[in-house]
Amino acid sequence: MSVSDSRPGTRADRALDELDGLQADAGAVLAPYRGGTVAISYGSAAGELAACLNAVGIASRSELTKLELSAPGDSLDRVLDGLLGIALRAGGMHLSRAVGWYRVGDRRLIALCEPDHGERLRGRLEFWMLRDPAVKLHDRTDEWAAIAVIGRRAGLVLGELGVYGPGRDPRTVSPAGRTADDPQTWWLLHADDAALAITPRQSAPALWRRVTRAGRPWQICAVGRQALTRYRMLTRLHPGR
């Protein structure tokens, strides 16, 4: 059994400060949240909600609990069968009530949830480590950042970023995949209007800038937690998006 808890080093700390700075430059009202900070709003939660409903928003979701299981393929198949009761192929995604499950390779599974559910999720995954010593759990919450692209025109921005491949067709790509020019970032495609990028913390500021540039033709707007929560309620999006 092996558990690792990765904490950000110097580069990651600087990147976190830089990402906070980018959000502050965009007008973020930052507030402490479970040992970190979140953008509550960017001055007008109602305006940010309207931007998602009519255009597109970008938001940091780095507060999400991010856990990774690694195991030989057969072991990971057994874990998935026990956890979810289903088979999940590489590149596949399954959304349960509170957790998003993403098989990003034959030997790797990422699980994401809101911090309130983090301890329960860790307990569920640690149980499977006790059953099979080949299964290893890594807590990536501090090591990875998460950036959401959300709203009616999100698909246009994702196409510009190359997430949908050279043909810009979402039907040709896996729900959990990477772009050719950014092998560090996983794009998790939840719906036509919602995607989440998981990237190393030190890469987050550059990704934020890249998404912002790609979204300018479609009036991309930085979005805080208040507007995101309301948008999820209105559109019935999964809580982890």
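Me: How many residues does helix α3 have, and what should they span?
Reply: Helix α3 covers residues 73–84, which is 12 residues, and at 1.5 Å a residue they should span 16 Å. The end C-alpha atoms are 16 Å apart, which agrees. The expected span is 1.5 Å times one less than the number of residues. Helices are DSSP runs of H or I with at least four residues, strands are runs of E with at least two, and both are numbered from the N terminus.

Me: What sort of model is this, and how are residues numbered?
Reply: It is a predicted model, where local features need pLDDT of at least 70 and side-chain atom pairs pLDDT 80 or more, while totals for chains, interfaces and linings use all residues. Residues are numbered from 1 along each chain as its sequence is written, and side-chain values use heavy atoms, with hydrogens and water left out.

Me: Back to α3. Which of its residues are buried?
Reply: S75, L76, V79, L80, L83 and L84. Buried means under 20% relative accessible area, exposed means over 50%, and partly exposed is in between (1.4 Å probe, protein chains only).

Me: Where do they fall, seen down the axis of α3?
Reply: Within an arc of 135°, so the buried residues line one face of the helix. The arc is taken from the directions between the helix axis and the C-beta atoms.

Me: And what do they pack against?
Reply: Four strands and a helix: β5 (65–70), β6 (93–95), β7 (99–105), β8 (108–113) and α4 (118–131). Contact here means heavy atoms within 4.5 Å.

Me: What comes just after α3?
Reply: G85, which has a positive phi of about 75°.

Me: Which residues have a positive phi although they are not glycine?
Reply: R168 is one, at about 55°, and Q219 also has a phi of about 55°. R168 sits in the loop between α5 (154–161) and β11, and Q219 in the loop between α6 (204–215) and β14 (220–222). R168 is partly exposed at 47% relative accessibility, and Q219 is partly exposed at 48%.

Me: New topic. How many aromatic pairs are there?
Reply: One. F127 and W128 pair edge-to-face, 5.5 Å centre to centre, with 85° between the planes. Rings of Phe, Tyr and Trp (its six-membered ring) pair if their centres lie within 6.5 Å; planes under 30 degrees apart are stacked, over 60 edge-to-face, and the rest tilted.

Me: Is W128 buried or exposed?
Reply: W128 is buried, with a relative accessible area of 12%. Its partner F127 is partly exposed, at 43%.

Me: What about T179, where is that?
Reply: In strand β11, residues 176–179. T179 is buried, with a relative accessible area of 6%.

Me: What does T179 touch?
Reply: Leaving aside neighbours within four places in sequence, T179 is in contact with L161, G162, V163 and W187. Its side chain also makes a polar contact with the side chain of D181, at 2.9 Å. A polar contact is a pair of N or O atoms within 3.5 Å; within protein, one must be able to donate a hydrogen and the other to accept it, and residues adjacent in sequence count only if both atoms are side-chain atoms.

Me: Last one. How many disulfides?
Reply: Zero, counting cysteine sulfur atoms within 2.5 Å as a disulfide. For C221, the nearest cysteine sulfur is that of C52, 7.2 Å away. C221 is partly exposed at 23% relative accessibility, whereas C113 is buried at 0%.
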